[in-house]
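I opened my notebook and went through this structure one topic at a time. Here is what I looked up.

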Amino acid sequence: MTFDELFIAEPILRAVREKGYNEPTPIQQQAIPVVALGRDIFGIAQTGTGKTAAFAIPILQTLWEERQRRQAVAQAAKPDADTAGQPVSETTETTGQPQQKPRRRDRRGRNHGKPREERLLRALILTPTRELALQIDECFTDYGKYTGLVHTSVFGGVKQAPQVEKLKRGVDILIATPGRLLDLRGQGYVDLDHITTFVLDEADRMLDMGFITDIRRVISMLPTKRQTLYFSATMPDDIVRLSRNILHDPVRIEVTPAASTVDAVEQTIYFVEKPDKKSLLIRELKRRSDRTVLVFSRTKHGADNISKILKKAGIESAAIHGDKSQGARQKALADFKAGKVKVMVATDIAARGIDIKELGTVINYDLPDVVETYVHRIGRTGRAGATGEALTFCSQDDHMMIKEIQALVGRPIHMELHQ
Ligand code: AMP
């Protein structure tokens, strides 16, 4: 199947082609037509499957078509009207006419000479972490760059003023983490009354992170007549219960059940005494000095510690976790994605869902707290048809969990003894 067969509007198709995508992924093939028809979705899919484009493309398409209609009506009513309503946002704006010179603006970003287009917030995407919010924001920038639609993201841990500025200028699409969204709405900067599409991304992660009350509050503020797209990587009971309350006759779409997504990953478990983990890590990293490696630690303190140990061993690394400032996290991630730093040490909260192209190796220095997280962690590698490898350090206390991981993965994992 090609993207043309999904009847995607030309400006979006052009942007998708520029991204170099040849064909839609399975979740895109299934979800794009269904979302475009206005149906609710219960999507069981994890990051790495192309899930973001599966909801971003049809949302952009619907809002673009609506904007075209609005502009046609305005044009008909005012025959000599020029291109009123050119986009105005500075950072995430999608101009639709990239070759045009930018219009003059004053220091507050107000453009002169042209009336600003009235924009109502129509689509809300709720996601658990700042990193995911930024990643989704980037996708909307990429796929929507020729649509003239405006989007932005809001998340905690940073000053709200720049986010408020963008909201004040008007956005069509908002990507948000729950706490900051409620905060800004409480202050009157976000109007949820006109939302037509609501996406709950990584629902299982949201519940794990204790966002259930916030999610319920957000949902209670949305119009009851709306489209809801619900995505979760796993299907525990509370996820199914929540879905029953918020979805209306959903189409269920399931791609690559969690365990089978890891087939492309060569997995090895090292049995190692706790005190020897450090030397094993250094040895394995030195063997892979030409690869990018993501090392998972159970705690923030542990992540910093591992980074220090590596520094002493002459291996440069960046640590990313919830205690780091937003700026530090973004810089670490950018350096890692660009290959400037080969090793990144992360906790689960910081690393889940993060998309890192050509990530060679994942090392589980510590096992995760929850078995399913193993699959998410190693799913950072072996993406988009590439082969990856995952090394897991297992000490005495971890044997029970290793059995559970084996059961979840559904096939034997290669094991080695380190001494
Ligand atoms: P996601 O699951 O949305 O995080 O996407 C994972 C990765 O797949 C991202 O790097 C996307 O840019 C990429 N991607 C999404 N759709 C396609 C496609 N149709 N063909 C190739 N890569 C894609």
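My entries below go from the cores to the salt bridges, then to the surface and a few odd spots.

**Before I start**

I'm working with a predicted model, so I keep that in mind for every entry.

**The nonpolar cores**

I started on the inside. Which residues have the most contacts inside the largest nonpolar core? I found Phe55, Ile57, Ile59 and Phe140, in a core of 39 residues.

Next I checked which parts of the chain supply this core. Helix 1 (10–18), helix 2 (26–36), helix 3 (51–77) and helix 4 (130–144) are among those that each give at least two residues. Strand 2 (123–126), strand 4 (173–176) and strand 6 (227–232) also each supply at least two. Helix 3 gives the most, with nine residues.

There is also a second, separate core, and I noted its 34 residues. Leu182, Phe211, Ile239 and Leu247 are included in this second core.

**Salt bridges**

I then turned to charged pairs. How many salt bridges are there? The count comes to 25. I looked at a few of them by hand.

My first pick was Arg70 with Glu66, whose side chains meet in a salt bridge at 3.9 Å, N to O. Both residues lie in helix 3, four residues apart, which is about one turn of the helix. Arg70 is partly exposed, with a relative accessible area of 37%.

My second pick was Arg119 with Asp172, a salt bridge at 2.7 Å, N to O. Where do the two partners sit? Arg119 is in the loop between helix 3 and strand 2, while Asp172 is in the loop between helix 5 (161–169) and strand 4, so the pair ties together parts that are 53 residues apart in sequence. Are these partners buried or exposed? Arg119 has a relative accessible area of 10%, so I wrote it down as buried. Asp172 is buried as well, at 5%. The cut-off I used for "buried" is under 20% relative accessible area.

My third pick was Arg283 with Glu284, where the closest N and O atoms are 2.7 Å apart. Arg283 is partly exposed, with a relative accessible area of 31%. Glu284 comes out at 1% relative accessibility, so it counts as buried. This pair doesn't stand alone: Arg283, Glu284, Arg287, Arg288 and Glu389 are linked in a network of salt bridges.

**A negative patch**

Out on the surface I asked which residues gather in a patch of negative charge. They are Asp208, Asp237, Asp238, Glu372 and Glu404. I followed up on Glu372, and its place is in helix 14 (residues 371–378). Its relative accessibility is 35%, so Glu372 counts as partly exposed.

**Positive phi angles**

Then I looked at backbone angles. Glu202 has a phi near 50°, a positive value in a residue other than glycine. I found Glu202 in the loop between strand 5 (197–200) and helix 7 (203–208). With 3% relative accessibility, Glu202 counts as buried.

Asp249 also made my list, with a positive phi near 45° in a residue other than glycine. It is found in the loop between helix 9 (237–246) and strand 7 (251–254).

**Pairs across the chain**

Last, I looked up some C-alpha distances.

How far apart are Ile195 and Ile173 in space? I got 9.2 Å, C-alpha to C-alpha, for two residues 22 apart in sequence. Ile195 has its place in the loop between helix 6 (178–186) and strand 5. At 1% relative accessibility, Ile195 counts as buried.

Tyr189 is also found in the loop between helix 6 and strand 5. Its relative accessibility is 31%, so Tyr189 goes down as partly exposed. The C-alpha atoms of Tyr189 and Gln163 are separated by 9.6 Å, with their positions 26 residues apart along the chain.

My final pair was Gln71 and Glu117, 46 residues apart in sequence and 10.0 Å apart in space, C-alpha to C-alpha. Gln71 lies in helix 3. At 26% relative accessibility, Gln71 counts as partly exposed.

Definitions and conventions:
Residues numbered from 1 in each chain as written. Predicted model: local features only at pLDDT ≥ 70, side-chain atom pairs only at ≥ 80, totals over all residues. Heavy atoms only, no water. Patch = residues over 30% accessible without salt bridge, like charges linked within 9 Å, V, L, I, M, F, W, Y side chains within 5 Å. Areas by Shrake-Rupley, 256 points an atom, 1.4 Å probe, with all protein chains shown as cover. Salt bridge = Lys/Arg side-chain N within 4 Å of Asp/Glu carboxyl O. Lys, Arg positive; Asp, Glu negative; His and termini not counted. Charge placed at Lys NZ, Arg CZ, Asp CG, Glu CD. Buried < 20%, exposed > 50% of the residue type's maximum accessible area, 1.4 Å probe, protein only. Core = buried A, V, L, I, M, F, W, Y, C linked by side-chain atoms within 4.5 Å.
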